[in-house]
Amino acid sequence: PSVHDARGQQVRLLAGDALFIPEGWWHHVHTMGVEDASAGGREVALAVNIWWPGHRPEPETSKPYLVRRLLGEILATRSVIGPPEPGEW
């Protein structure tokens, strides 16, 4: 899809919630605090980010297999859903 057709998602997390964002996904976070008497009535928030290595790169010899598999999945999905309407792609 075109970058102009991209749509964002908004979520509101409550205390104790977690959100997983896959590797490589663009994102923006706005942290809102809650009033805390132990902090003199100021708003307090805590955000924790954890990064870990993603998938190891595939060996060069597996690239043709991966491309065939990906194209096969795309074509199979397209045949189930049907071709796109004009202007969809």
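**Exercise 1. Work out in which order the helix and strands follow one another along the sequence of this predicted model.**

Solution. Begin with the inventory, which for this protein comes to one helix and two strands. Next, place these elements: strand S1 covers residues 34-35, while strand S2 covers 43-44 and helix H1 covers 63-81. Reading along the sequence then gives the pattern β-β-α.

**Exercise 2. Decide whether Leu13, Trp26 and Val48 are buried, partly exposed or exposed, and say where each one lies.**

Solution. The step that needs a cut-off comes before the others: buried means under 20% relative accessible area, exposed means over 50%, and partly exposed is in between.

- Leu13 is found in the segment before strand S1, and because its relative accessible area is 44%, Leu13 is partly exposed.
- Trp26 also belongs to the segment before S1, and with a relative accessible area of 87% this residue is exposed.
- Val48 sits in the loop between strand S2 and helix H1, and since its relative accessibility is 63%, Val48 counts as exposed.

To set these residues against the whole chain, note that of the 89 residues of the protein, 2% count as buried.

**Exercise 3. Find how far apart the C-alpha atoms are in the pairs Trp26 and Gly8, and Val48 and Ala18.**

Solution. Take the pair with Trp26 to begin with: Trp26 and Gly8 stand 18 residues apart along the chain, and their C-alpha atoms are separated by 9.8 Å. Then turn to Val48, whose partner Ala18 is 30 residues away along the chain, with a separation of 9.6 Å between the two C-alpha atoms.

**Exercise 4. Describe the surface of the protein, and identify the residues that form a nonpolar patch with Leu13.**

Solution. Start from the total, which is about 9500 Å² of exposed area, with carbon and sulfur atoms supplying 59% of it. Then look for the patch, in which Leu13 is joined by Val11, Leu19, Ile21 and Trp25, and which together has about 510 Å² of accessible area.

**Exercise 5. Characterise the largest pocket by its volume, its lining and the residues that lie nearest its centre.**

Solution. The volume of the largest pocket is about 1900 Å³. Its lining is made up of 40 residues, and sorting them by class gives 23 nonpolar, 13 polar and four charged residues. Finally, the residues that lie nearest the centre of this pocket are Val11, Leu13, Leu19, Ile21 and Val29; among them, Val11, Leu13, Leu19 and Ile21 also take part in the nonpolar patch of the previous exercise.

Terms used:
Residues numbered from 1 in each chain as written. Predicted model: local features only at pLDDT ≥ 70, side-chain atom pairs only at ≥ 80, totals over all residues. Heavy atoms only, no water. Helix = DSSP H or I, 4+ residues; strand = E, 2+ residues; numbered from the N terminus. Buried < 20%, exposed > 50% of the residue type's maximum accessible area, 1.4 Å probe, protein only. Areas by Shrake-Rupley, 256 points an atom, 1.4 Å probe, with all protein chains shown as cover. 1 Å grid on protein atoms, 1.4 Å probe; cavity = no way out; pocket = protein on both sides within 12 Å on 5 of 7 lines; lining within 4 Å. Points joined across faces, edges and corners; volume = space filled by probe spheres on them. Nonpolar A, V, L, I, M, F, W, Y, C, P; charged D, E, K, R; others polar. Patch = residues over 30% accessible without salt bridge, like charges linked within 9 Å, V, L, I, M, F, W, Y side chains within 5 Å. Salt bridge = Lys/Arg side-chain N within 4 Å of Asp/Glu carboxyl O.
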